Structures are given as structure tokens and as C-alpha cells.
Amino acid sequence: MRKSPKPTPSTLAPDTLDLLERVLDVRLPPAYRDWLATRNGQMPENRVITFMQNGRQTDTVLHYLYAVNSEHDYNDLWDYNSKYGKDLRPWYLSIGGDAAGNPIVLALKGPNHGEVFFRDHEVPFDDGLHVIAPSFEAFLAGLTAD
């Protein structure tokens, strides 16, 4: 008999967030840490992301925000970043993505710390990184309705 998956926790305890920070060897931006603590993996009501790509305004739709300890591997922060995030670390963390599989990444270190980026996965890393917002809080505030 197959064991059913454990449901995704809708909130995270401080010790779980502390462990995440220790494993990543970073201090998460406060707004993102708060989002995980209170809305782990939940989707915001507005989902359209607007940003500049190669000098022109571009839109995409947020398909998911990863959860810590998700019941589904495809939506799990740990799982996604351990499998596909090696080219991002230690500077960036994939926190979600659009329907085309392009990651939404959060800068964890360096001069861009706290900024949110769209990562076009079909081009080299440096060419495919486009600023969405100066912070996770601004990212959420900038999302618009479909």
C-alpha cells in the first residue's frame, strides 16, 4: 500500500526557517521569510509579472511559488533547488516560476541582495537574468490581475 503524501504546511515554524537559512548559508530577506512563515507556497491573488527584457516591457504569469516541505516535489523549494538550482547558488534561490518553466529567483547575496529576477532558462545565465522588483515585498505589490 502506497503512503499518501504529507500535506504541505501552510505556515512554517521559526526553527524550520532557521534550518533553511543554515542550509543555504544566508539570511533570507525579511519579507520572503515572513511569506514562508505565514503563507508557505500559497499563491497571491494577482499573478501577472511585468518586467523589462532586452529593452521592452514583457509580461508572464506566475505559475507557482515554491513551498518548503511541499507534498509535491515539483512545488518544493528544497527539491527544485537541489535538482536545478546549482547554477544559481550561492547568489540566488529559485522561489517559483512561470508556466514555461522560467524560474523566478531571489538574490541572496552580493550587491543585488533581496532583488527578485526573472530567469530566462533558454539563454546563458548572465543574459537571461532580468530584474522584476527591488525586493520580495515590491514583487508582490507589483503583481497584477490576469
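**View 1. Trp78 and its surroundings in helix H3.** Trp78 lies in helix H3 of a model that is predicted. With a relative accessible area of 26%, Trp78 counts as partly exposed, because that value falls between the limits of 20% for buried and 50% for exposed residues. Setting aside residues up to four places away in sequence, Trp78 touches Leu19, Leu20, Val23, Val68 and Asn69. One of these, Leu20, is 58 residues away from Trp78 along the chain, and the C-alpha atoms of the two are separated by 8.7 Å. Another of the residues touched, Asn69, makes a polar contact through its side chain with the side chain of Trp78, at 3.4 Å.

**View 2. Helix H3, its N-terminal cap and its cover.** Helix H3 comprises residues 77-84, and Leu77, Asp79, Tyr80 and Asn81 within this helix are buried. The elements that cover these buried residues include two helices, H1 (14-24) and H2 (30-39), together with two strands, S3 (92-98) and S4 (103-107). At the N-terminal end of H3, Asp76 acts as the cap, with a side-chain oxygen placed 3.0 Å from the backbone nitrogen of Trp78. An α-helix has 3.6 residues a turn, so residues three or four places apart point the same way.

**View 3. Two loop residues with positive phi, Asp25 and Asn69.** Most residues other than glycine have a negative phi. Asp25, which is not a glycine, nevertheless has a positive phi of about 60°, and its place is in the loop between H1 and H2. Asn69, likewise a residue other than glycine, has a positive phi near 60° and is found in the loop between strand S2 (56-65) and H3. As for solvent accessibility, Asp25 is exposed, its relative accessible area being 57%, whereas Asn69 is partly exposed, with a value of 41%. The side chain of Asn69 is also the partner of the Trp78 side chain in the polar contact of 3.4 Å.

**View 4. Glu115, a buried acidic residue without a salt bridge.** Glu115 is located in the loop that runs between S4 and strand S5 (116-119). Although Glu115 is buried, it forms no salt bridge, and the nearest side chain of opposite charge, that of Arg119, is 15 Å away. Because a salt bridge requires a side-chain nitrogen of Lys or Arg within 4 Å of a carboxyl oxygen, the separation of 15 Å from Arg119 lies outside that limit. When neighbours within four places in sequence are left aside, the contacts of Glu115 are with Val105, Leu106, Ala107, Val131, Ala133, Pro134 and Ser135.

**View 5. The whole chain as the setting for the close-ups.** The chain contains 4 helices and 6 strands, which follow one another along the sequence in the pattern α-α-β-β-α-β-β-β-β-α. Its C-alpha trace spans about 50 × 35 × 25 Å along the principal axes, and its radius of gyration of 15 Å agrees with the value near 15 Å that a compact globule of 146 residues would have. Of the 146 residues, 45% are buried. Among contacts with a separation of 6 or more, 45% are made by residues 24 or more positions apart. The chain exposes about 8,200 Å², of which carbon and sulfur atoms supply 51%.

Definitions and conventions:
Residues numbered from 1 in each chain as written. Predicted model: local features only at pLDDT ≥ 70, side-chain atom pairs only at ≥ 80, totals over all residues. Heavy atoms only, no water. Buried < 20%, exposed > 50% of the residue type's maximum accessible area, 1.4 Å probe, protein only. Contact = heavy atoms within 4.5 Å. Polar contact = N/O pair within 3.5 Å; in protein donor to acceptor, adjacent residues only side chain to side chain. Lys, Arg positive; Asp, Glu negative; His and termini not counted. Rg over C-alpha atoms; globule rule 2.2 N^0.38 Å. Areas by Shrake-Rupley, 256 points an atom, 1.4 Å probe, with all protein chains shown as cover.
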